[in-house]
Structure formats: C-alpha cells, structure tokens
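Reader: Please take me through how to read an interface between chains and an enclosed space in a model.

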Amino acid sequence: MRYLTIKQTFVYHDEPQLMLGSDGRGVSYLCLAIPHKDSEFAYLAVQVSENVLEDYLSESVDLRYVFRHPKKDQYFVLYLDQDKQGRFALNEITDVPVELLPESGFFASSHTEVESQVAKSVSILDIGINGRWDIQDLSQFPNKFADAYSFMFAMQDNAGLNDEILHELFIRYPWRGGFSSVSFYNDLYHQIPRPQRLLVKEIHYASPGAMKITALPDLAKEIETLVIQVNANGIKVRAAFKELHEWMSEKEFLGRTHRDIKLDATDKAILQKACNKLAKELGFDQLQRIYKLCGKDWLATSKILVSFYRRVSELAEFVDSGKATLHTS
Amino acid sequence: MTQHTISFREKLPSGCPPHDANNPNGLTVYRLVASNPAKSSDFDSHKAIGLPFPGGTPECQSVSCSVFDSLKRLDEMMILPKPRARYHFAVSLVLNSKSGVVKGGKKGHYDWWICSGFMPEQHSYIVKAY
C-alpha cells in the first residue's frame with residue numbers, strides 16, 4: 001500500500017478541492033475532491049510526472065487532461081478523514097466514472113491558494129502587424145522568432161542551462177539540410193524553462209493589428225537589435241553571409257556533415273575569419289560561445305551561425321517590408 | 001489590523017478570524033448554493049455541517065464560508081466534480097460590516113466569517129442556475 005502526504009492546497013472552496021501530494025518515493029500526485037456515496041472526504045488521485053505537473057502549472061494543459069492521462073493509467077482514491085500520522089492510504093481503483101473527472105477548461109490560473117507559475121521576469125513583447133498577412137506569414141513569423149529566441153537563450157552564460165547538454169545538442173545534428181535546423185531549434189526551445197518560453201497573450205489581426213507575447217525582455221531586445229542591424233547594414237551583412245556560404249558551397253561542405261570533413265589549418269582559418277566577419281556585420285557578439293558549444297569546430301560553428309543569420313534575416317524582412325514591428329515594453 | 005469584537009454565527013477557534021480579515025465595505029460576492037431560493041444551510045461552513053476537518057487546512061478556514069468576487073470564478077469551480085455534484089445555483093449578495101469579515105485569498109476567493117444575526121439567505125438572490 002502506498003501512502004500520500006499532502007504538500008499544498010491549490011483550490012479551496014469550502015474545503016480543499018485540489019491538492020498536491022507526494023508518496024514515500026517523492027512521486028507527485030494531484031488529488032481532486034469527488035462526490036462519494038460513503039464519504040465526504042473522498043479524493044481521486046493520479047500520479048503526475050514533473051513534466052506533466054509543469055505543463056499543468058504553466059497552463060499548457062488543463063486539469064481534465066491530467067486526469068484523463070494519468071501516469072501508468074492508474075487511479076487512486078484516498079479519504080482525507082482517514083489519516084495515519086498525516087499520511088493517507090492510496091487505494092487503487094479501476095473504474096472511474098466520467099462524473100468524477102473535471103470538465104474541460106480548468107487551468108492553474110484558477111487556483112485559489114497558490115499563484116500559478118508565471119515568471120515574474122518576463123515582459124510583454126508587442127509585435128505590430130500591418131499590411132496583408134497570409135496564413136504562411138502567420139506561422140512563419142512566430143516560428144522564426146521562436147527560433148531566434150531559443151538560440152539567444154542558449155547564448156546566455158547565466159541562463160541556468162547545462163552546457164554539457166547544450167554541447168551535445170550543438171553537435172548532435174549533421175547539418176546537411178533543413179531537417180537538422182528544424183530539429184536543432186525545436187530541441188533548443190525545449191531547453192528553456194516553461195515560465196520563460198514565449199506565450200501568446202493576445203492576437204488581434206487587423207491592419208494595423210498586434211500580437212502580444214511574453215518573453216524575457218533582454219532577449220527580445222537583443223533580437224530586435226539584430227533585426228535593426230540587418231536592415232540598417234543589409235548590404236554588408238548579406239555580403240558577409242554570401243562570402244561564407246559560397247566558400248562552404250564551393251568546398252562541398254554544405255551537403256556533408258562536419259563529422260565527415262577533416263578541415264586543414266587553412267580551412268579553419270578561412271571559416272574563422274568569415275564567421276567573425278558575418279558576426280561583426282550582424283552585430284552578434286556571441287560567436288565564441290557557439291564555437292565553444294560546437295566543441296571548437298569551425299565548420300559546425302559556421303553552419304549554425306548561418307542558420308541563425310537566416311532566421312534573423314527573415315524576421316528583418318518582415319520588419320523591413322512594413323508587415324511587422326517589434327517593441328519590448 | 002482589525003480588532004474583531006463582533007460575535008459570529010459559528011463558534012470560532014482562538015485567533016479566528018485572523019487579524020488580516022477585514023470589513024467587506026460593500027463588497028459584492030457570489031456563492032454556489034444547492035437550493036433556490038437559498039437556505040440558511042447553504043451558508044454553513046464545512047465544520048457547521050458537522051463534518052470533522054482533517055489536517056492540512058487551517059481550522060479557522062474550515063469555519064468560514066467561501067465566496068468569490070465574480071460569477072466567472074463560480075463557473076470555474078463548477079468545472080470540478082464535487083461542486084458540480086453538490087451545487088445547482090449561484091447567488092449574489094453585498095457584504096458590509098453587519099455581514100461579518102472577509103479575508104481575500106487569490107483569484108477572487110474570500111473566506112467569509114458570518115456575523116451572528118446576519119441571515120445571508122435573506123440578502124441573496126439567484127443570479128444563475130447550473
């Protein structure tokens with residue numbers, strides 16, 4: 001028999017309606033007050049992994065989702081008036097009628113006792129929308145912004161991310177085509193703690209319209225600065241990109257993974273110089289961090305820098321064409 | 001800090017209501033009830049119903065009556081299975097110094113300690129049926 005200790009109440013309405021507990025192994029459970037023919041103190045409990053709890057507390061999923069997808073498909077009942085020195089026996093049950101589950105739409109922001117985990121450090125980024133956006137624009141702009149944000153998050157020395165994990169991620173993909181970059185940026189995004197990820201707060205589509213997104217203000221500002229720089233220094237930035245990209249293309253480095261290519265000293269020097277030039281024209285001062293995370297490999301560094309430049313330049317195109325404006329408040 | 005010299009509808013434990021509970025000063029609140037019209041028993045605390053209260057919740061809270069500052073919060077509570085099974089209506093009422101004292105929680109939830117002599121069912125009107 002497992003026993004549960006109550007850690008905190010999330011929702012109180014005449015009695016605790018939703019509580020967080022843990023068993024002797026430290027596994028977390030959400031416990032929901034339920035109607036019960038024999039007890040006024042019955043609670044339905046499900047195990048929740050750290051990820052699911054984080055998803056729930058950050059409002060990525062609602063309470064019904066948590067209770068419809070319990071860990072190991074196990075449900076338990078506990079009775080709050082039957083405690084043994086502050087611990088409550090978890091009785092496994094197999095049949096859970098639908099009336100014991102919450103309906104859709106209960107999110108952590110409705111908790112009465114504990115604030116939901118919304119990071120205090122994030123602020124609202126206003127993205128102005130103008131002109132005509134087609135459906136691809138509406139997916140492309142947020143995607144590229146999320147990619148740039150993820151990358152800049154990883155560039156912070158003090159972000160609290162594990163450099164060993166980042167290093168493994170920076171060298172994981174072969175960088176022979178688009179799939180590597182999509183996977184790379186997706187993986188980077190999932191390294192960001194939930195409260196600091198980009199959260200859509202509001203979308204108003206009109207001309208002019210606006211999107212409001214929560215973001216770390218420093219990173220949003222850095223992206224805005226890079227976008228401004230690309231548009232202000234466009235000729236030099238594009239020339240630096242072209243020089244690096246064409247050299248890699250001529251050497252047939254683009255279609256091959258960095259693991260398959262043995263760079264000689266001249267290659268390394270050329271790549272280093274071209275990377276420095278692109279980073280300088282772009283106004284990007286974290287080249288050495290990419291190089292470090294790439295295990296001091298100039299080819300991997302070059303490919304990742306180029307992929308980052310492409311994303312910033314696509315964002316810059318939105319701004320330059322008047323379709324979007326970035327403003328951090 | 002509020003000095004509570006008033007008498008309350010239910011017997012309260014020592015130190016209850018807490019010092020940070022205040023005069024509601026005309027606060028409009030909403031509560032889920034089982035009957036239409038609301039009965040006095042719809043405002044009984046968990047303890048007044050005669051149920052022993054297990055650990056984990058302050059005893060003072062267990063002798064309060066939960067109210068919310070908006071109907072929307074009640075709608076959210078009705079998503080949960082126990083309130084959904086127990087309650088069928090929402091009432092609204094305005095609280096003042098004769099009603100008792102309240103302590104605001106988060107997200108519009110208030111613990112309300114009701115004054116003796118105040119009959120909440122007479123000051124409530126149904127605003128929604130579920």
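Author: The interface is discussed before the cavity.

This is a predicted model, in which local features need pLDDT of at least 70 and side-chain atom pairs count only at pLDDT 80 or more, while totals for chains, interfaces and linings use all residues. Residues are numbered from 1 along each chain as its sequence is written, chains are lettered from A in the order in which they are written, and side-chain values use heavy atoms, with hydrogens and water left out.

Reader: How much area do chain B and chain A bury between them?

Author: The size of an interface is often given as the accessible area lost when the parts come together. With a 1.4 Å probe and summed over both parts, chain B and chain A bury about 2,700 Å², of which 58% is on carbon and sulfur atoms. Ile79(B), Lys82(B) and Lys106(B) supply 23% of the area that chain B buries against chain A, more than any other three residues.

Reader: How many salt bridges does the rule find across the interface of chain B and chain A?

Author: A salt bridge requires a side-chain nitrogen of Lys or Arg within 4 Å of a carboxyl oxygen of Asp or Glu. The rule finds 6 across this interface, including the one between Asp14(A) and Arg31(B), whose closest N and O atoms are 2.9 Å apart.

Reader: How many cavities of 30 Å³ or more does a search of the whole structure find?

Author: On a 1 Å grid over the protein atoms alone, a cavity is a set of points where a 1.4 Å probe fits but cannot get out, and its volume is the space filled by probe spheres set on the points. The search finds 1 cavity of 30 Å³ or more, and about 50 Å³ of space lies in the largest cavity. Among the residues lining the largest cavity (an atom within 4 Å of a point) are Phe43(B), Cys65(B) and Trp112(B).

Methods. Buried area is the accessible area (1.4 Å probe) that two parts lose on being put together, summed over both. On a 1 Å grid over the protein atoms alone, a cavity is a set of points where a 1.4 Å probe fits but cannot get out, and a pocket is an open set with protein on both sides within 12 Å along at least five of seven lines; lining residues have an atom within 4 Å of a point.
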